[in-house]
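Me: I am new to this structure and would like a close look at one part of it. Please take it slowly enough that I can follow along in the viewer.

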Amino acid sequence: MPAPRAERLFTRAFILCFLANLAQSWSFNLFLHLPGYLNQLGASDVTIGFIFGVTGVTAIAARPSVGRAMDTRGRRGIILWGNVVNVMAVASYLSVHTIGPLIVLIRILHGLAEGMLFTGLFTYGADCVPAARRTQGLAFFGVSGMAPIALGATLGEQILARWDFHALFLVALVFAAISLLFSLPLRDVHHASGAPQEPSRGFVAALTQRELMPLWWIGAIFSLALASVFTFLKRYVDETGNGTVSGFFNAYTAVALFFRIFLGWLPDRIGPMRVLLPALACLACAFVLLALAQGPTEVVVAGTFFGIGHGFTFPILFGIVVTRARESDRGSAMAILTGLFDLGVVLGGPLFGSIIAGYGFSAAFGTAAAVVAAGSVVFVAWDTTTRRV
């Protein structure tokens, strides 16, 4: 028997939003290879961390306005303008030939686009998902952001093996334009139920809501640790020869997609905390494996553990935030949650870059493992509501 219309997951709006996010994420993840280009231009690891951090600072600064605009005016405008800015930013990389103010300005523009699109598309996706299938639906929507990580890593390596970074930037531009095209037919759906809407309390109220604060904490810890991989894995494999970017991210993405597609229902069935804590433990194990890796096999195994950890952690946090936040504050809450990933880059880029410069890659990944472990302990002690969600 087909699901009732109110509980349908694969609506036209959901599919269009999924495809728009898939394309923009593919474009964004081609820039996993950007540290290699910056290094070619003479940037040190500390400078690379700073340049990536600039993007995160911009995205964070944009979040309060983005969240407020979505709660008061709807999601569509943010999504469309985010796509336009994204196309402009990606096109601008074609003019970068030295390390200087231009690359910093472009990263600022790219950060603004990323903040608008990440927040806008994920909030729109949450609007489309029926409450009865929230975890499953959000886990599946997350595939549109997860699959492009491996696709970007693999396609980027193939492009660079045959051509150069100029070609990579052109391909990223094509995907950015495709995302804009898929976004044009979107119409706001968050008031479609006809239920009375409470007035939005604003960004600060969502940030300081007591039930959400432990989630902001563990989200920040999660994002800080991720920065060590997403910013420096390219440099790691180039310097050590331990595997490839695509080898790690293919294993990571394949495992994460498997769990999201086939086991996305598990947190709802047995409880989010019972899945979240083992997922965070797997993430810590992935960093330990990277720290101790001596060859490509260990890097692939690390990617597998990383996929389990990330594959469950993000949709669980995503689902709990949507559940706990007021519907009228959902845009602001999602702006905070997605902004934590930029905060991770802002803090993690310079932090891990400095550790790499002083002590090496093993020390950096070991630090990331310790951050996840310690942060999880604090989260368990702080949050009790998750056991009832």
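How many residues does helix α11 have, and how far does helix α11 reach from its first C-alpha to its last? Please go on from there to the helices and rings in the rest of the chain.

Reply: A word first: this is a predicted model. Helix α11 covers residues 245-262 and has 18 residues. From first C-alpha to last, α11 reaches 26 Å. That is close to the 26 Å expected at 1.5 Å a residue.

Now look at what is hidden in α11. The buried residues there are Val245, Ser246, Phe248, Phe249, Ala251, Tyr252, Thr253, Val255, Ala256, Leu257, Phe259 and Arg260. Keep two of these in mind, Phe248 and Phe249.

Both return in the largest nonpolar core. This core has 93 residues. Val229, Tyr236, Phe248, Phe249, Phe287, Phe306 and Phe318 touch the most other members. Helix α10 gives the largest share of the core, 13 residues. In soluble globular proteins, nonpolar side chains tend to be buried together.

Take Phe287 from that list. Leaving out residues up to four places away in sequence, Phe287 touches Ala225, Leu226, Ser228, Val229, Phe306, Phe365, Ala368, Ala369 and Val372. Apart from this core lies another, of 23 residues. Among its members are Phe31, Ile103, Leu168 and Phe169.

Follow Phe287 to Val372. Val372 is found in helix α16. Val372 has a relative accessible area of 1% and is buried. Beyond its neighbours within four places in sequence, Val372 is in contact with Ile221, Ala225, Leu280, Leu283, Ala284 and Phe287. Leu226 is 146 residues from Val372 along the chain, yet their C-alpha atoms are separated by 9.7 Å.

Ala374 is also found in helix α16. Here the relative accessibility is 43%, so Ala374 counts as partly exposed. Ala374 and Ile221 are 153 residues apart in sequence, and their C-alpha atoms are 9.1 Å apart in space.

Back to helix α10, where Ser223 lies. Ser223 counts as buried, at 2% relative accessibility. Not counting residues up to four places away in sequence, Ser223 touches Leu340, Phe341 and Gly344.

Next, the rings. A pair of aromatic rings is described by the distance of the centres and the angle of the planes. The count comes to 36 aromatic pairs. One of them joins Phe165 and Phe169: the ring centres are 6.3 Å apart and the planes stand at 40°, so the pair is tilted. These two residues are four apart in helix α8, which means about one helical turn separates them. Phe165 is buried, with a relative accessible area of 7%. Phe169 is buried as well, at 2% relative accessibility.

Compare Tyr236 and Phe361. Their ring centres lie 5.6 Å apart and their planes are at 65°, so this pair is edge-to-face. Tyr236 lies in helix α10 (residues 213-240) and Phe361 in helix α16 (residues 361-382), so the pair ties together parts 125 residues apart in sequence. Tyr236 and Phe361 are both buried.

Ring pairs also build a cluster. They link Phe10, Phe14, Phe18, Phe118, Phe122, Phe140, Phe141, Phe222, Phe314, Phe318 and Phe341. Two of these names have come up already: Phe318 in the largest core, and Phe341 as a contact of Ser223.

Return to helix α8, the home of Phe165 and Phe169. Helix α8 runs over residues 165-183 and has 19 residues. It reaches 27 Å from first C-alpha to last, close to the 27 Å expected at 1.5 Å a residue. Asp164 caps the N-terminal end of α8, with a side-chain oxygen 3.2 Å from the backbone nitrogen of His166. Buried in α8 are Phe165, Ala167, Leu168, Phe169, Ala172, Phe175, Ala176, Ser179 and Ser183. Their cover includes α1 (12-29), α2 (34-40), α4 (76-92) and α7 (143-162).

One last stop is Thr55, in helix α3 (residues 45-73). Thr55 is buried, with a relative accessible area of 4%. Its side chain makes a polar contact with the side chain of Arg107, at 2.7 Å. Besides Arg107, Thr55 touches His110 and Gly111, with residues up to four places away in sequence not counted. Arg107 has a ring partner too: Arg107 lies over the face of Phe52, at 4.5 Å from the ring centre.

Key: Residues numbered from 1 in each chain as written. Predicted model: local features only at pLDDT ≥ 70, side-chain atom pairs only at ≥ 80, totals over all residues. Heavy atoms only, no water. Expected span 1.5 Å × (residues − 1). Buried < 20%, exposed > 50% of the residue type's maximum accessible area, 1.4 Å probe, protein only. Contact = heavy atoms within 4.5 Å. Polar contact = N/O pair within 3.5 Å; in protein donor to acceptor, adjacent residues only side chain to side chain. Phe/Tyr/Trp six-rings, centres within 6.5 Å; stacked < 30°, edge-to-face > 60°. Lys NZ or Arg CZ within 6 Å of the ring centre and 35° of its normal. Core = buried A, V, L, I, M, F, W, Y, C linked by side-chain atoms within 4.5 Å.
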